[in-house]
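Dear colleague,

I am passing on the structure below, together with some notes on what turned up when I went through it. Please read the notes alongside the sequence and the model.

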Amino acid sequence: MTTAVDRLPELYQPIYGHPELSNAAARSCQSRLVHVRSTYAALADHLGRPLRVLDLGCAQGFFSCALAALGADVLGIDYCPENVAVCTLLGDEFPNSKLEFRVERLEDFIPLLSASAFDLVLGLSVFHHVVHERGQEATRALIDRLAASIGHGVFEIALPTEGVYWCASQPDDPRQMLGAFPFVFEAARVETHLSNQPRPLFVASRSIAVLAGAAYAFADHLVEPHALAENVHLGTRRYFLGPHAIVKVFRIDAAIA
């Protein structure tokens with residue numbers, strides 16, 4: 001494992017299960033892991049089974065391994081062969097876990113997704129690179145495909161104000177990238193290694209509102225509480241209507257366009 005870690009172009013994540021190899025990791029994963037685990041647990045409890053998870057841009061496989069430890073069936077993809085080499089060695093250390101890793105570019109992989117192949121997608125700090133290379137419209141089309149074929153995700157979206165070379169390419173409002181998901185909830189702001197500005201971490205879904213570790217299925221959603229509201233709340237409210245609960249989510253930071 002040490003040799004494979006030494007070959008990495010960047011030790012971006014801690015090496016799961018190897019604190020002795022993780023001291024120089026660029027980012028801690030713990031603050032994000034709390035919300036990833038909580039979302040996974042809520043959805044798995046709601047569906048009554050372990051989830052099939054797609055980890056896009058899995059890097060050194062920290063989140064993939066952490067969810068596999070909870071019983072998930074995980075496929076991690078990354079464009080960097082050195083990352084996948086480390087991930088594969090980690091998978092070998094946990095032979096009873098359902099872990100697979102592949103060298104893939106997400107731009108090529110996502111269009112080939114079949115419906116219902118996965119229950120949850122992780123897109124953590126990866127799509128800003130696609131935005132910079134291919135533009136916002138092409139990236140939104142990829143995320144739209146994720147929404148249509150998977151339906152639930154956790155996304156960390158970079159901000160245009162972080163002061164890095166790719167910032168000018170990013171949308172003013174990161175939620176613009178997640179427009180295909182009716183339910184979008186900012187679960188946290190998380191630190192990065194690139195700036196002192198924390199990024200939003202979103203939980204998104206087409207059919208299940210996940211809040212505070214609980215999941216609420218919804219069949220419909222509204223942007224107005226009633227027909228006479230006439231946009232009095234400036235688009236800052238969403239109402240998710242389900243068989244057992246009505247979930248109301250509102251933003252206080254800015255109006256939704």
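**Two helices and the cysteines**

Helices α6 and α7 are oblique to each other, and I should say at once that the model is a predicted one. The angle between α6 (residues 127–134) and α7 (residues 136–149) is about 135°, and their axes lie 7 Å apart. On the α6 side the contact is made by F127, V130, V131 and R134, which meet Q136, A138, T139, L142, I143 and L146 of α7; sorted by class, this contact has seven nonpolar, two polar and one charged residues.

As for α7 itself, the helix has 14 residues and reaches 20 Å from its first C-alpha to its last, close to the 20 Å expected. Its buried residues are T139, L142, I143, L146, A147 and S149, and these pack against β1 (52–56), α5 (106–109), β4 (120–124) and β5 (152–156) as well as α6. After α7 comes G151, which has a positive phi, near 100°.

You may also wonder how many disulfides there are. The count is zero, taking a pair of cysteine sulfur atoms within 2.5 Å as the criterion. For C65 the closest cysteine sulfur is that of C87, which at 6.7 Å is too far for a bond, and for C80 the closest is again in C87, at 9.5 Å, also too far for a bond. C65 counts as buried because its relative accessibility is 3%, and C80, at 6%, counts as buried too.

With best regards

Terms used. Residues are numbered from 1 along each chain as its sequence is written. This is a predicted model: local features need pLDDT of at least 70, side-chain atom pairs count only at pLDDT 80 or more; totals for chains, interfaces and linings use all residues. Side-chain values use heavy atoms; hydrogens and water are left out. Axes are lines fitted to C-alpha atoms, for helices over the stretch in contact, and angles run from 0 to 180 degrees between N-to-C directions. Helices (H or I, at least four residues) and strands (E, at least two) are DSSP runs, numbered from the N terminus. Angles under 35 degrees count as roughly parallel, over 145 as roughly antiparallel, 65 to 115 as roughly perpendicular and the rest as oblique. Contact means heavy atoms within 4.5 Å. Ala, Val, Leu, Ile, Met, Phe, Trp, Tyr, Cys and Pro count as nonpolar, Asp, Glu, Lys and Arg as charged, and the others, Gly among them, as polar. The expected span of a helix is 1.5 Å times one less than its number of residues. Buried means under 20% relative accessible area, exposed over 50%, partly exposed in between (1.4 Å probe, protein chains only).
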